[in-house]
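Student: I am new to this structure and would like a close look at a single part of it. Please start from one residue, and then show me how its surroundings fit into the whole.

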Amino acid sequence: MASRPVRFTFSPELIQEPLIYLLGHEFKVITNIRMADVDARVGWVVLELEGEPDEIDRAIAWAESKGVRVDQATLGDVVEG
């Protein structure tokens with residue numbers, strides 16, 4: 001099992017979509033939310049995705065295909081909890 005911290009940034013059109021729920025439901029990955037900030041203009045979330053490396057890659061590609069910007073999270077973005 002692998003762990004990959006990523007930062008998802010959502011456009012205003014995507015903020016109300018249950019994309020993180022769907023990502024966890026559709027793919028064999030665990031979505032641990034470490035930090036988040038959402039308002040009417042933009043939303044972002046730092047996730048730690050856990051699962052098989054290929055499945056994490058598939059989940060990220062799916063999120064990008066939905067219009068989510070996906071960046072690698074930096075060490076300062078990840079909060080233990």
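**One residue and its setting**

Tutor: Val-38 counts as exposed, because its relative accessibility is 52%, and the cut-off for that word is over 50%. Please keep in mind that what you are looking at is a predicted model, so every value here is computed from predicted coordinates.

Val-38 is found in strand β2, which covers residues 29-38. If we leave aside its neighbours within four places in sequence, Val-38 is in contact with Ile-15 and Gly-43. Another residue to look for is Phe-10, which lies 28 residues away from Val-38 along the chain, while the C-alpha atoms of the two are separated by 8.8 Å. Phe-10 belongs to strand β1, which covers residues 2-10.

To place these strands, it helps to follow the chain as a whole. The secondary structure of the protein comes to two helices and four strands, and from the N terminus on these elements follow the order β-α-β-β-α-β. Among contacts between residues at least 6 apart in sequence, 70% join residues that are at least 24 apart.

Strand β1 brings us to a salt bridge, in which Arg-4 pairs with Asp-57, their closest N and O atoms being 2.8 Å apart. This pair links distant parts of the chain, since Arg-4 sits in strand β1 and Asp-57 in helix α2 (residues 53-65), with their positions 53 residues apart in the numbering. Asp-57 is partly exposed, because its relative accessibility is 41%, and Arg-4 is likewise classed as partly exposed, with a value of 27%.

Helix α2 also holds a salt bridge of its own, between Glu-55 and Arg-58, where the closest N and O atoms are 2.8 Å apart. Both residues lie in helix α2, three residues apart, which is about one turn of the helix. Their surroundings can be compared by accessibility: Glu-55 is buried, because its relative accessible area is 14% and the cut-off for buried is under 20%, whereas Arg-58, at 48%, counts as partly exposed.

A further salt bridge joins the side chains of Arg-69 and Asp-71, with a distance of 2.9 Å from N to O. Arg-69 is exposed, because its relative accessible area is 54%, while Asp-71, at 25%, is partly exposed. The pairs described here are among the four salt bridges counted in the model. Looking at charge over the whole protein, there are 8 positive and 15 negative charges, and the mean positions of these two groups are 2 Å apart.

Finally, we can step back to the overall form. The C-alpha trace spans about 35 × 25 × 20 Å along its principal axes. A compact globule with 81 residues would have a radius of gyration near 12 Å, and the protein has 12 Å, so the value agrees with that expectation. Buried residues make up 36% of the 81 residues, and Glu-55, with its 14%, is one of the residues classed as buried. The accessible surface of the protein comes to about 5100 Å², and 52% of this area belongs to carbon and sulfur atoms. Val-38, with which we began, counts as exposed, and its contacts beyond its sequence neighbours are with Ile-15 and Gly-43.

Note on methods: Residues are numbered from 1 along each chain as its sequence is written. This is a predicted model: local features need pLDDT of at least 70, side-chain atom pairs count only at pLDDT 80 or more; totals for chains, interfaces and linings use all residues. Side-chain values use heavy atoms; hydrogens and water are left out. Buried means under 20% relative accessible area, exposed over 50%, partly exposed in between (1.4 Å probe, protein chains only). The radius of gyration is taken over C-alpha atoms; the globule rule is 2.2 Å times the number of residues to the power 0.38. Contact means heavy atoms within 4.5 Å. Accessible areas come from the Shrake-Rupley method with a 1.4 Å probe; for residues, only the protein chains shown count as cover. Lys and Arg count as positive and Asp and Glu as negative; His and the chain ends are not counted. The place of a charge is taken as NZ of Lys, CZ of Arg, CG of Asp or CD of Glu.
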